[in-house]
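Colleague: Please take a close look at one chain of this model, and describe its overall form before its details.

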Amino acid sequence: MSRRLVPVLSAVLATAFFGGLAFGSPASSLVFVGPIVALLAWVAVHRRRPAREEAGWAAPAPAPARPVLAVPGTPRQVAAALGRAESHELAFSAWFGVGLGFLVVIFVTFAVIYADDNGQVWVEMVGMSPWFAHPLAGMTIVAAHRAATRPARDGTGELFESCPTEPVVRTLALLRTAAVPVGVFTAFLVAYSVALYLGSPAIHGPLPFHALPVLAAGPVLVAGAVFLGVALGSWVRFALAPVVAVVAVGFFALRLAAAGDPGWNGSSALSTFGPQADSPVVAGLLPTWWYLLWVTALGLGVAVVALLRFRRDRPVWLTGATAVAVGVAAALLGTAPPGGGEAQRVADLVAYPTEHQACDRSAGAPLRVCTYRPYRDLRQRVLAAVDPVGRALPSTVRPMTIRQGFGGDETDLPSRVRRLLRTEIPEQGEGEIKIEYAGDGAALQEYRLRVAFAGLGLRLPADTGDEGPMSIAGQARGVVALWLAARGLDLEEALHLATVENPGDSDENLVRGGGNDAFERGLAWPNMCGPVVWSPQDLEAARALMRAPEAKVAAVVERNFVRWSDPTTATDELLGELGLPSAGASETVVIRTEAHC
Amino acid sequence: MNVTTGVSVYGLRRRFGATVALDGVDATFVPGVNGLLGPNGAGKTTLLRILATVLRPDGGTVDAFGHDPSTAEGRLAVRRRLGYLPQEPGFHRQFTAFEFVDYVAILKEWADRKPRHDEVRRVLSLVGLEAVMHKRIGQLSGGMRRRLGIAQAFIGRPTLLVLDEPTAGLDPEQRLRFRELLGTEAAGSTVLLSTHQTDDVAALCQSVVVLLEGSVRYAGAPGGLAAMADGRVWLAADRDERAQLAWIAGDGQVRHIGDPPRGAHLVEPTVEDGYLLLAGRTAIEQAGAA
């Protein structure tokens, strides 16, 4: 290993290790312990020897023929050669290594360790490209600034100035180093996408054409970071200038991303983080092409600012004027209301989902799943998950439809779409279970529970308009719901469904400083923000049912299903019917209505 | 002299605030090694920086091989012929020696990789750094860094070499190697060499210019500078207060420069004697004026 790799590798590994800890995924940090130990061992073995022996200077050999630079390189050729040298320096820079470390953290955390938890749609995953680009971009700004100010810092400016290459050619060479972060980030995107495709089967949905500009924006942003670093270095040598710039860009980008309505935010197209939508239904309205043009114009404009330090001729001014014109046009058009036709189409998707959906029906249960047509894979995935639950319900239970729909309110829609809505945003219909777009393991468990609850006639707070959550402590129907929801799972998965992994570990509990009370130990809903709370004794009873022979429990459940659906039937009555020992008196669960998750 | 084969300056002036660095310097530097002597602050580095096109004079003109560096075209033409070693050359310590010289070679418009790398290896071998060329500059000793600076100045065998104190920090053997290097590599080139080492001037230079307080006090052959002290250098057992300068030489005798007393044991003057006589007299005049 080359000694030059040590700084950049150290930066990558340190960032990855501490980044994993900071972002709450210590598991990802552990991955880097081995490489860190290996690097430290290498450094220890190859540490610098004490005083180097002076290399001798023997008498010069007879001079060969005078070297001839037959034709001096053109500025373009010199810029290319210098660009390669500077690219090498950038790639080995410790600052750039920190940016690489952030990419490693992202990759290991989301594409490896928590790959199974990814259940979003592809449009949302692609929309993360600009977000993922920001840490690398920030460090690249610093690295590029240091490259641009290196001659002044190291005292080589006078020597370089005495050479025939003009300073503007050196600036062009520095701008060319943008190829390094662009290549790195593109490679990251490819590797990340492949890893998600192979390792995150729950990611679903189409990848429409309008999502591609957001994907492309990531490489454009990191190229712009080089341009900004070089421009800053050309005009402002102050060492903290790039840090100030990074903070300023981050501040304004976040402010722009959070401006506007709580849901729909037209000005987010001007944020480097990119236009945002809370629901994939409206993602098609995002001005993604204008956003890509906007960040491209920003990058081009900054590059022109760098060149203006040393060259102010017509082509440079024209390029600058073009960047400004394109940027202004992209800003105006990107923040303009969406086109009428597209807005109407989205309004119809929101208001009349049934007209735009396809349904798959269970072969052995009164159950069907309906999603927007492009979400066939989600439809099949949800049906496969809830079908065993539906089959375990008695035939007397009335048919159910799991229907995908827009989960937000009017503030999540552009004003033009709001005006085009000819009806209210539909609520969950009678006999329906409304879902949105999530298809990960936790979401599927939630769908199983909701089918089980619906089969038992238990209406959740969201169905009744009440504040959640509600307590079903000590009620047999809660235990039966867990048993039903676990149908089709192996025993380990089933027991997991009825187990609170980390009681007292919720955010609310941390804030309150309490913990491990009956409320915390009764939170079995997969995402900790569920609408119902069991008691710890109910969960123990549910686990006992899961361990019992399935046929025996199924027979008891089906035979007295009306009784088990009754909220006055106690958990111990069910256990007695099955010949299982009593779970004991249920603890009283005091409901926390304020932000329990 | 044909001006297209050398460098001439006419009435060169340059101030730094209230300090006059160059005060109407006229000089001609012919092909061969031209020495530049003078005490600190005499204006040597300022003159060399102007000739290296990194500093603009306040007045006067420069003619380098028929080119005027005050124009963009002239400056480019001079820079294409130039090899420059600044007085305090900086280095990118994280670069290897090879990478640094390669970088300078690119700046000297060697865009093609293969011939450039060949040239980089050649100049590094000239200064004996080929064995450490892939070491980071931060790991090199001060002497090796100085040789690295010399190496980059020889890229492409420039026809104008401007070397500001190139032997500072070199040991006697390395100074000898440097002299050999100039003899082989700079043949036919116009070399401007600023130094405090008068023996370097005596050994290397065809001509020498002595600068004092921004003005030329001597321009000519080194022998002529030595000859200025003809009949004014003598040895004695004890220090003579009438001498302008006196010091104990290696043989234990006191070497004097100045007007000798009757019967003094006169010796052959050196370039250093001539230079010290010139510079010492100025110093005495400065003291008298004060």
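Colleague: What radius of gyration does chain B have, and what value would a compact globule with 290 residues have?

Modeller: This is a predicted model, in which local features need pLDDT of at least 70 and side-chain atom pairs count only at pLDDT 80 or more, while totals for chains, interfaces and linings use all residues. Residues are numbered from 1 along each chain as its sequence is written, with chains lettered from A and ligands numbered from 1 in the order of writing.

Chain B has a radius of gyration of 21 Å, which agrees with the value near 19 Å for a compact globule with 290 residues (C-alpha atoms; the rule is 2.2 Å times the number of residues to the power 0.38). Along the principal axes, the C-alpha atoms of chain B fill a box of roughly 70 × 40 × 35 Å. Chain B holds nine helices and 13 strands (DSSP runs: H or I of at least four residues, E of at least two). Of its 290 residues, 49% are buried (20 or more other C-beta atoms within 10 Å). Among the contacts in chain B with a separation of 6 or more, 67% join residues 24 or more positions apart (C-beta atoms within 7 Å).

Two residues of chain B deserve attention for their backbone. Most residues other than glycine have a negative phi. B:Arg157, although it is not a glycine, has a positive phi of about 45 degrees, and B:Arg157 lies in the loop between helix H5 (142-153) and strand S6 (160-164) of chain B. B:Arg157 is buried, because 22 other C-beta atoms lie within 10 Å. In the loop that runs between S6 and helix H6 (172-185) of chain B we find B:Glu165, which is not a glycine either and has a positive phi of about 50 degrees. B:Glu165 is likewise buried, with 21 other C-beta atoms within 10 Å.

Chain B also touches chain A, in a contact that takes 44 residues from chain B and 32 residues from chain A. On the side of chain A that touches chain B, helix H4 (75-91), helix H8 (150-154) and helix H9 (157-161) of chain A are the elements that give two or more residues, and H4(A) provides the largest share, five residues. By class, that side of chain A has 18 nonpolar, seven polar and seven charged residues.

Notes. A residue is buried if 20 or more other C-beta atoms lie within 10 Å of its own, exposed if 12 or fewer, and partly exposed in between; C-beta atoms are placed from the backbone. Two residues are in contact if their C-beta atoms, placed from the backbone, lie within 7 Å. Ala, Val, Leu, Ile, Met, Phe, Trp, Tyr, Cys and Pro count as nonpolar, Asp, Glu, Lys and Arg as charged, and the others, Gly among them, as polar.
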